[in-house]
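Reader: I am new to this structure and would like a close look at one part of it. Please take the strands and how they pair, and then go on to what surrounds them.

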Amino acid sequence: KRFGCEFFMKIIVTGVKGQLGYDVVRELKSRGYQDILGIDIDDLDITNEKHVVQFFKDNNPHAIIHCAAYTAVDKAEDNKDTCMNVNVIGTKNLVMQAMEYDSKFIYISTDYVFDGKKESPYKVNDSQNPQSVYGESKYLGELETLKHYKHFVVRISWVFGKNGFNFVKTMLQLSKEKKF
């Protein structure tokens, strides 16, 4: 509850089986949101436009928090088509329906949209210059998101949580194995 009322906004969170999507759903519930639908690829293939259209028709969300992504940075170089399909086409499909249904759209992006050469912190309007397939795909996903007037782009650099692989878990495992 906030200000004495409950939240009755229908929110869709993509990528619920991933680290970020899982924790976003948990956090929303802890803040009193009632109608949250966490989905993953088994529930909706975001790269299939017809399925996305039907999904929005069936669910009519007020907001989408788009955490689903192809995030295997190194593998993206060899799997460009898959990476682009998920991060660009999937995002485009969701954004188009969000506009149709007047839903707010939150896109989770990355600092990989920059080239990493700046010696001070990046600012929102700094020029993007992705140096990898992954970075390019997330930048193109940002451009799709920016077409929607009710958009939010959030750039993050590190994700860690209960689900999936991450730097923290890797270091803990290596310390157990005494590999450093």
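Author: Strands β3 and β4 run parallel and are joined by four bridges. This is a predicted model, and the pairing is read from its coordinates. Two residue pairs show how these strands face each other: A63 stands opposite K104 in β4, and I64 stands opposite F105 in β4.

On its other pairing, β3 meets β1. Strand β1, residues 11-14, pairs with β3 in the parallel sense over four bridges. Within that pairing, V13 has I65 of β3 as its bridge partner. Strand β3 is therefore described by its two sets of side chains: A63 and I65 point one way, I64 and H66 point the other way, and all are buried.

Strand β4 also pairs with β5. These two strands run parallel and are joined by six bridges. One of the bridge pairs is T110 with I156 in β5. Five of the seven residues of β4 are buried, so this strand is largely enclosed by the rest of the structure.

The loops leading into β3 and β4 each hold a residue with an unusual backbone angle. Most residues other than glycine have a negative phi. N60 has a positive phi of about 40 degrees, although N60 is not a glycine. N60 sits in the loop between α2 (49-59) and β3 (63-66). With a relative accessible area of 44%, N60 is partly exposed. D102 is the corresponding case ahead of β4: the loop between α4 (80-100) and β4 (104-110) contains D102. The phi of D102 is positive, about 60 degrees, and D102 is not a glycine either. D102 is partly exposed, at a relative accessible area of 37%.

After β4 the chain enters another loop, and P130 is found there, between β4 and α5. P130 has a relative accessibility of 21% and counts as partly exposed, because buried would require a value under 20%. Although P130 and Y112 are 18 residues apart in sequence, their C-alpha atoms are 6.0 Å apart in space. Leaving aside neighbours within four places in sequence, P130 is in contact with Y112, V113 and F114, and also with G135, E136 and Y139.

Helix α5 contains E144. E144 has a relative accessible area of 12%, so this charged residue counts as buried. The residues that E144 touches, not counting those up to four places away in sequence, are V88, T91, K92 and V95. Y107 is 37 residues from E144 along the chain, and the C-alpha atoms of the two are separated by 9.7 Å.

Helix α5 also takes part in a pocket, the second largest one, which has a volume of about 250 Å³. The elements that give two or more residues to its lining are α5 (133-145) and β5 (151-156). In total, 15 residues line the second largest pocket, and F114, V124, E142, V153 and R155 lie nearest its centre. F114 is also among the contacts of P130. By class, the lining has eight nonpolar, three polar and four charged residues.

These parts can now be placed in the whole chain. The chain has six helices and five strands. Along the sequence they follow the pattern β-α-β-α-β-α-α-β-α-β-α. Of the 180 residues, 37% count as buried. Among contacts between residues at least 6 apart in sequence, 69% join residues at least 24 apart. The chain exposes about 11200 Å², and carbon and sulfur atoms supply 53% of that area.

To put the strands together once more: β1 pairs with β3, β3 is joined to β4, and β4 is joined to β5. Each of the three pairings is parallel.

Terms used:
Residues numbered from 1 in each chain as written. Predicted model: local features only at pLDDT ≥ 70, side-chain atom pairs only at ≥ 80, totals over all residues. Heavy atoms only, no water. Buried < 20%, exposed > 50% of the residue type's maximum accessible area, 1.4 Å probe, protein only. 1 Å grid on protein atoms, 1.4 Å probe; cavity = no way out; pocket = protein on both sides within 12 Å on 5 of 7 lines; lining within 4 Å. Points joined across faces, edges and corners; volume = space filled by probe spheres on them. Contact = heavy atoms within 4.5 Å. Areas by Shrake-Rupley, 256 points an atom, 1.4 Å probe, with all protein chains shown as cover. Pairing = 2+ DSSP bridges.
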